[in-house]
Amino acid sequence: MEEDGLRLILWILLSLVALGESSQNFSIPKFELPKYVSTHSNSKLLGDIFSMQPPFAPWDSKDEQCRKDSLRFYEGVKNLEMWALKMHDATGKLASGLLNGNLNQLGDFEQCLSVTKGQYCLARAYLEPLASTADDDNVLDLMHSHKMVQSTAFDGVRFFPSFSAISWAFCVPSSCSHREVQSSLRRLARRYNATTEGLRLHVQVDSDGCVVRNKEGIIRKGPLITMSIVLLVVAFAIFGTLADAKLKRDRLEGKISDGQLPPAKQRFLLAFSLSRNTGDLMKTDTAFDDINCLHGIRAVFSLIIYLIHRGVFGLFIPFTNRTELAEDFEGAWTMIFRAFLNNVDTFVVLSGLLTSYYTIKKLQSGKKISVLMMYLTRYVKFTPIFVITVMLVKDMDYWIQSPQVIRVAQHFVNGCKNGFWKSFIYMNNFDGMDHMCYPPSHQLVTDMQMYLAAPFIILAMYKHPRLTTAALTGVLAVLGVLRYVVIHKWHLSTFIYHGISLSQMVDAADRMYLNPLHRMTPYLAGIMLGYFLRVTGRRSLLRKDQMYAGWAVALICGYYSFFGPSEIAERGYKYQPHDSAVFGVLQPVLWSICLCWCIYACYTGYGGMLNSFLSWKGFVVFSKLSYAFYMVQILLIFGGIASIRTPQYYKMNSVFDLNELFLLVVCSVALTLLFLLPLAHVLALATGADLREAEERLASSRRFQARSYSYSVVESRHLRNLEGVKHPPSNLRFREGFLGFLADHDTRKI
């Protein structure tokens with residue numbers, strides 16, 4: 001019976017590219033070789049080869065030009081004309097491996113578009129059971145890769161990958177619109193839907209599902225603007241580097257004193273100096289009150305998030321053995337990726353923590369904070385790289401042409417074309433995951449929106465700590481109740497369980513993931529921790545046994561927030577609204593407790609080996625790259641996936657690409673040196689912060705010189721008394737060494 005079910009499904013799939021009877025009053029001549037060909041054995045063999053699977057074109061279209069061109073195409077195939085054979089050959093053919101998930105018949109993209117009037121169309125087909133049998137279920141289960149992620153014909157192309165759609169390429173005349181192609185395919189499917197029991201075939205061709213060759217030599221306005229901006233910044237970097245070299249040479253030659261600042265215009269150019277910014281990037285020294293373990297946390301979880309993105313969106317790759325891939329990604333170990341909110345909530349905690357920690361530090365020093373300046377500084381810091389990334393995404397269909405652009409990237413392109421301006425004001429998350437411009441920017445956007453409330457919460461906590469802490473605890477409780485109600489009512493999921501539907505993933509993203517209100521729990525936890533660390537300092541208020549108990553609680557919380565619902569990673573899991581809602585409420589609370597405890601323990605000296613690892617100097621450098629690393633990674637991932645033009649065989653290293661990771665690091669360094677660090681210097685120049693810093697350095701240098709002179713006068717007499725002594729006293733040797741260390745490290749050039 002299983003063979004009968006497979007035979008039925010293969011028959012339906014073959015019908016997509018087979019010629020059937022027309023629903024109109026005319027029919028195509030039977031496809032056979034012309035008489036002058038049949039006398040040549042070689043030509044007959046070629047004809048037999050190309051006639052094994054009949055050609056397809058919308059010959060029954062209501063559009064006259066499309067119908068004429070389609071009939072001309074059929075005649076060209078009969079007569080073995082090269083242009084027609086190329087079009088027929090470029091159309092996707094039924095391949096082996098259907099039971100291993102090989103449902104992507106992408107044809108030959110380049111060959112189709114090499115024909116002057118060729119048009120590449122990618123259709124999506126769905127086989128959906130109506131009154132299925134066990135045999136049909138077994139066949140469809142293997143074809144759909146155990147239904148790891150499910151979708152229907154009504155879901156369309158979404159931000160997340162799915163294993164339900166059959167992608168089938170057709171090379172048709174360019175005069176036929178996507179509607180003609182879709183209508184013709186649906187007329188073919190209608191006959192089989194009427195006679196097939198238990199299965200229904202849906203066919204969809206999107207408005208952007210058909211492409212023709214880009215006109216040579218034509219550059220669109222969008223890519224031209226993007227290239228112009230990048231070249232302008234590169235020019236600033238080159239001239240800034242040359243100006244910096246000239247300034248150093250003038251100081252060495254004595255033309256300019258060390259304490260003399262160059263003019264403002266020159267300082268603006270110096271802000272883009274690659275040599276200066278490279279030095280700033282590679283600098284690993286930190287302030288005495290820095291929370292050094294945060295650099296390691298940021299680096300580790302940046303890499304984890306990259307692996308999650310690469311693994312999830314790597315499912316868009318047209319693997320010929322996707323069923324094998326689905327089987328590999330089962331089991332409890334995949335909860336590291338399935339419970340993805342823990343990883344992104346880590347950065348939410350860090351954002352609230354750092355904002356609170358350094359704002360409280362400023363208030364403790366007696367300085368006032370300017371809320372508007374806080375907003376401006378954050379906007380200038382993050383926006384340029386964000387906008388450049390969005391501009392590149394918006395024109396991805398110009399930079400890359402392939403079947404995968406239709407399957408994967410066109411969704412991103414359309415979102416940025418329609419809502420590009422919303423990215424400038426950090427409001428693109430209100431369009432929803434399916435329609436927002438560059439969905440991976442959700443973390444930046446929601447963080448910016450939560451940041452709007454941060455100064456007021458921090459000021460309230462600084463002035464009224466007990467009352468504000470109690471109020472925030474009540475807010476966290478209310479947020480937990482609200483989170484439970486929303487998840488349970490709408491049947492949402494805060495984890496990616498095996499068999500999840502595409503519509504459920506998108507619905508959860510729109511209602512929970514993109515909503516800053518539901519992301520506030522870890523953010524408020526970070527704000528409270530930042531205040532606590534500033535007030536208590538590095539002294540621990542707990543006994544050693546209490547610290548051990550704290551570590552035990554933190555490990556339990558961390559384990560449950562990842563592996564509590566590990567059954568969701570197994571095949572056959574059935575979604576439970578109550579269980580999902582309970583985990584959705586506990587997850588951000590428990591993970592925030594675990595993470596905040598680790599930070600507190602490391603800060604107060606009880607982190608042990610964990611603190612030593614997370615405080616490694618190399619993480620300080622990567623921490624400065626982390627923002628660019630996050631923003632550009634999806635662009636490179638989708639750019640690489642969109643460039644694929646043929647199905648590939650899955651292996652583990654096909655999902656995780658070290659070459660792509662290396663390119664990502666290079667791009668992150670370039671964006672940081674060209675945009676992030678220079679604009680931070682420009683902002684300091686505009687606000688006068690660079691002058692204040694220069695004055696503080698100069699005053700510090702003068703105080704140091706005064707101490708050095710006093711030391712030399714007092715100690716010189718003692719040194720004269722020690723002439724001839726082989727081993728001076730140890731306290732004098734220490735003072736000499738310490739003074740030399742200060743002299744080496746306190747003479748930074750302005």
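**View 1. In this predicted model, helix α12 passes helix α29 in a right-handed crossing.** Residues 658-687 form α29 and residues 293-313 form α12; the two helices pack at an angle of about 130°, and their axes lie 12 Å apart. The arrangement therefore makes α12 oblique to α29. On the α12 side, the contact is made by Leu303, Tyr306 and Arg310, and on the α29 side by Glu660, Leu661 and Leu664. Sorted by class, the residues in the contact of α12 with α29 comprise four nonpolar and two charged residues, with no polar ones.

**View 2. The largest nonpolar core of the model contains 125 residues.** The residues with the most contacts inside this core are Ile291, Phe386, Met433, Tyr438, Leu533, Ile599 and Phe638. Helix α27, which spans residues 617-642, supplies the largest share of the core, namely 15 residues. Another core, of 23 residues, lies apart from the largest one and includes Leu103, Trp168, Val181 and Cys210.

**View 3. Methionine 433 is shown with the residues it contacts beyond its neighbours within four places in sequence.** Methionine 433 is one of the residues with the most contacts inside the largest nonpolar core. Among its partners that precede it in sequence are Phe159, Phe160 and His411. The other contacts of methionine 433 are with Pro439, Val506, Ala509, Asp510, Tyr513 and Leu514.

**View 4. Arginine 378 is a buried residue of helix α16.** The helix runs through residues 371-394. Arginine 378 has a relative accessible area of 14%, and because buried means under 20%, the residue falls in that class. When neighbours within four places in sequence are left aside, arginine 378 is in contact with Ser351, Asp447, Met448 and Tyr451.

**View 5. Histidine 491 lies in the loop between α21 and β7.** The loop is flanked by α21 at residues 465-490 and by β7 at residues 500-501. Histidine 491 has a relative accessibility of 40% and therefore counts as partly exposed. If residues up to four places away in sequence are not counted, histidine 491 touches Gln504, Tyr575 and Pro577. Serine 580 is 89 residues away from histidine 491 in sequence, while the C-alpha to C-alpha separation of the two residues in space is 8.2 Å.

Key. Residues are numbered from 1 along each chain as its sequence is written. This is a predicted model: local features need pLDDT of at least 70, side-chain atom pairs count only at pLDDT 80 or more; totals for chains, interfaces and linings use all residues. Side-chain values use heavy atoms; hydrogens and water are left out. Axes are lines fitted to C-alpha atoms, for helices over the stretch in contact, and angles run from 0 to 180 degrees between N-to-C directions. Helices (H or I, at least four residues) and strands (E, at least two) are DSSP runs, numbered from the N terminus. Angles under 35 degrees count as roughly parallel, over 145 as roughly antiparallel, 65 to 115 as roughly perpendicular and the rest as oblique. A crossing is left-handed if the near helix is turned anticlockwise from the far one by less than a right angle, and right-handed if clockwise. Contact means heavy atoms within 4.5 Å. Ala, Val, Leu, Ile, Met, Phe, Trp, Tyr, Cys and Pro count as nonpolar, Asp, Glu, Lys and Arg as charged, and the others, Gly among them, as polar. A nonpolar core is a set of buried Ala, Val, Leu, Ile, Met, Phe, Trp, Tyr and Cys residues joined through side-chain atoms within 4.5 Å. Buried means under 20% relative accessible area, exposed over 50%, partly exposed in between (1.4 Å probe, protein chains only).
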